[in-house]
Amino acid sequence: MALSGIQIYKLLPQTNCKECGFPTCLAFAMKLAAKQVELGACPYVSEASKKQLAESAAPPIRLVTLKADGSEVKVGNEVVMYRHEKTFYNKPGLFLRVRASDPDLAKKVAQADAYKVNYVGMDFTLNGYAIEADGDLASAVKAVREVTKRPLILISNDAAALDSSLSLLAGETALIYAASESNYESLAEVAKKHKAVLAVKADTLDALADLTQKIQAKGAEDMVLDLGGKNLGDWLMRSTQVRRLALKNFRPLGYPVIFFAAQNGVEKEAVYAAHAIAKYAGFVVIDTFAPEMIYPLLVLRENLYTDPQKPIQVQPGVYEINSPKPESPVLVTTNFSITYFAVANEVEGSGLPAWLVVTDAEGMSVLTAWAAGKFDAERIAKAIKGFNVADKVSRKRLVLPGHVAVLSGEVEEELPGWEVRVGPREAVDLPAFMKQALN
Amino acid sequence: MPIEIPKDKWLGSIRTVTIGATSAEGGTRAKTVTVGGGTTMPYLHFKAPTPNKPAIAIEIKSRKPTDWSPLLAEVWGEAMADPAQWAKKAEEAGADLIVLALTVEDSPEDAVKAVKSVLGATGLPLIVWGPGQAEKDNELLVPVSEATKGEKLVLGICEDKNYRTIVATAMANGHLVQARAPMDVNLSKQLNILISDMGMPKDRILMDPTTGALGYGMEYGYSVMERLRLAALQGDAMTQFPMIVTPGFEAWKTKEAKVGEGVPEAWGDWKARAVNWETLTALALVESGADILVLRHPESVKRVKDTIEELITA
Ligand code: SF4
């Protein structure tokens, strides 16, 4: 938790020597609290105060980064329980677990690695692979590294095997799963040596907090927690408690969480993974490479990690729905994502072709934008002209949202030669309108 | 060293609402469904147990729908042409409640007949939706309400532009109402106030925050629900109603669920994807505080029920 100016002041020498460039230590402390100066400007801060200030500046949930040559995954650094309070920042990494003993290991990873799916203009992929050391780990790591450049999680209790495998991954940051009460000393050594992240597991949160402190004392700083728990409800409570404690600056549990989605059977995997994504996991490991599951999970993750203060806006432009032809109608809407999706979805679902013109209404819905003067005849005309819509159609027929029926006269004036029609108020009524009124 | 778990201290709680009436209570239902009563954010049993688990409703229609996904037609088959049969199958599929959606083609007589046939076919409590056009809703729901006096149906869907007639007839005949507002905490509150001001008892209102589907704005609904629940726990009486949500309707509108051909290969197997779409939309809404989830596919019903079971038995 960030300290206030007064709290910082108490940690300063309080001599008002002015060397920092400020008249008093208090003035300097205020600037520090506002993050407008660096602590280094005061030459007289004690080591103890430095340490305390550094700790207070650290995020409540440690930022953990897994790195490979091709990509990285950052998790942690979260600051809220509920996304509307601010936002969720770092999307949980979605990892596929594979087995070292699998004769098709490389093939499976290569196939999964090629997976890419587009959602509203963004390409999503898996974030990495978790290798279960049920065979020779080092040769599995070699085989996997040949077919993917994404970060790795190594699942093994064998410090020697981990050591030799991590030597193959020089320059990367991998995750070791998992240190427990019985092996943490040797695993912490390996993690420290290779600058790897160490997953830590224990049966209770009390035991887990003890263990992370012991590991930290061994010099391993980057950790990830496995919370255990017998089912979804149990895990939800643990995950909520850990997030709450961490946000109250309880350092021993201020780490991201890892969750194995198939722990209670692959038939529950999709639901388990979704639950973990919604409720604070930093790494989610799945066992099944199934696009029909991965796609909705990636979309769920994107949705929940969208900044609620900045709704996704759709790029203004002309969107082609169901391969429109020159005689297809031109529909107009705003660039508020929900509005756009509602309209695009209905029209798409109807199977009827249309040109959908998305105007720049600063991310507001039709009614809000109209009330705010961001969706008026002038802006609509500007979009139609700016996107050269007239060149695409043989029949200049424009459909306005029903909510802005009042604009139709003005739009006609702004766009001579266009036939302006008033559509329904709600997107859901568009298919019927298009079938009945637009023939 | 034992850790002290920080616990929220809430003043308020969600109201408890019961749907359906048995013969002893003036209706004909074999059982009733009680939802709400929560005193924490969802499923945080280290604070307090979940008093009533969320209920699952299956949506059926008075006439065979022509615009539903073929995947749904495949699973419900012939029963879709007969609401009584469909309701029976829905009960077998694990529904706690039935939602019967009337259509614009129905006359008031058709509507009453359909409702009565469903009440005759199953002992489950019933929610009845009008076709969603103000005049038609009122034309159908009033006679339905009168013909089923005392059954404690839920009538819907009340929206700010049309709620008075539905609320009045529900009040007069001992039913409940579903109050829908478009993804906005204040609009939800406002409608709840309008309905309460008409004299509707507060234990006969369900609020429907509108949610959107996964990938289509669900995160707005998700956060509105969390905010409504938090407001309720903080003691805001006009947000303390159990929430009914419609992930079946939302998810099965999406292209991901509805369409099997001409879609990207990266979307994977159609049927599994469609059911995942509905299930994951529903799951997210369970997390954010839904009390009644209206679904369409039996497999989603099973998966969501299993999940709820796990969440309440931690
Ligand atoms: S340099 Fe340090 S001790 Fe001197 S006034 Fe600034 S803060 Fe105080």
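Colleague: In what order do the five strands of the open sheet in chain A follow one another?
Modeller: This is a predicted model, and in it chain A has an open sheet of five strands whose pairing is mixed. The twist from one strand to the next averages 30°. The order of the strands is S13-S15-S14-S16-S17.

Colleague: Which strands of chain A stand at the edges of that sheet?
Modeller: An edge strand here has a single partner strand, so one side of it is left without a neighbour in the sheet. In chain A this applies to two strands, residues 317-321 and residues 419-422, which are S13 and S17.

Colleague: Which residue in S15(A) is the bridge partner of Ile321(A)?
Modeller: S13(A) is joined by five bridges to strand S15 of chain A, residues 354-359, and the two run antiparallel. In S15(A), the bridge partner of Ile321(A) is Ala354(A).

Colleague: At what angle does helix H14 of chain A run to S15(A)?
Modeller: Helix H14 of chain A, made of residues 377-386, lies across three strands, namely S14 (330-334), S15 and S16 (397-400) of chain A. Its angle to S15(A) is about 125°.

Colleague: In what order do the eight strands of chain A close into a barrel?
Modeller: The pairing in this barrel is parallel, and neighbouring strands are turned by 30° against each other on average, direction ignored. Helix H4 of chain A, residues 105-113, lies across strands S3 (93-99) and S6 (128-132) of chain A and runs at about 160° to S3(A). The barrel order is S3-S6-S7-S8-S9-S10-S11-S12.

Colleague: Which residue in S12(A) is the bridge partner of Phe260(A)?
Modeller: Strand S11 of chain A, residues 257-260, pairs with strand S12 of chain A, residues 283-286, in the parallel sense over three bridges. In S12(A), the bridge partner of Phe260(A) is Val285(A).

Colleague: Which residue is joined to Ala178(A) by a cis peptide bond?
Modeller: Most peptide bonds are trans. Ala178(A) has its place in strand S8 of chain A, residues 175-179, and the cis bond that it shares has an omega of about 0°. The residue joined to Ala178(A) by this bond is Tyr177(A).

Colleague: What is the phi of Asn16(A), and where in chain A does this residue lie?
Modeller: Most residues other than glycine have a negative phi. Asn16(A) is not a glycine, yet its phi is positive, at about 50°. Asn16(A) is also one of the residues around the ligand, and its place in chain A is the loop between helix H1 (5-11) and helix H2 (25-33).

Colleague: How many residues of each class make up the shell around the ligand?
Modeller: The residues around the ligand include Cys17(A), Cys20(A), Cys25(A) and Cys42(A), and also Lys18(A) and Glu19(A). By class, the shell has seven nonpolar, two polar and two charged residues.

Colleague: What area is buried between chain B and chain A?
Modeller: The size of an interface is often given as the accessible area lost when the parts come together. Here 51 residues of chain B are in contact with 54 residues of chain A, and Ile3(B), Glu219(B) and Glu310(B) supply 15% of the area that chain B buries against chain A, more than any other three residues. Carbon and sulfur atoms give 64% of the area buried between the two chains, which is about 4,600 Å².

Colleague: With which residue of chain B does Lys268(A) form a salt bridge?
Modeller: The count between chain B and chain A is five salt bridges. In the one formed by Lys268(A), the closest N and O atoms are 2.6 Å apart, and the partner is Glu310(B).

Conventions:
Residues are numbered from 1 along each chain as its sequence is written. Chains are lettered from A and ligands numbered from 1 in the order in which they are written. This is a predicted model: local features need pLDDT of at least 70, side-chain atom pairs count only at pLDDT 80 or more; totals for chains, interfaces and linings use all residues. Side-chain values use heavy atoms; hydrogens and water are left out. A residue is near a molecule or strand if one of its heavy atoms lies within 4 Å of it. Ala, Val, Leu, Ile, Met, Phe, Trp, Tyr, Cys and Pro count as nonpolar, Asp, Glu, Lys and Arg as charged, and the others, Gly among them, as polar. Two strands pair if DSSP finds at least two bridges between them. Helices (H or I, at least four residues) and strands (E, at least two) are DSSP runs, numbered from the N terminus. Axes are lines fitted to C-alpha atoms, for helices over the stretch in contact, and angles run from 0 to 180 degrees between N-to-C directions. Contact means heavy atoms within 4.5 Å. Buried area is the accessible area (1.4 Å probe) that two parts lose on being put together, summed over both. A salt bridge is a side-chain nitrogen of Lys or Arg within 4 Å of a carboxyl oxygen of Asp or Glu.
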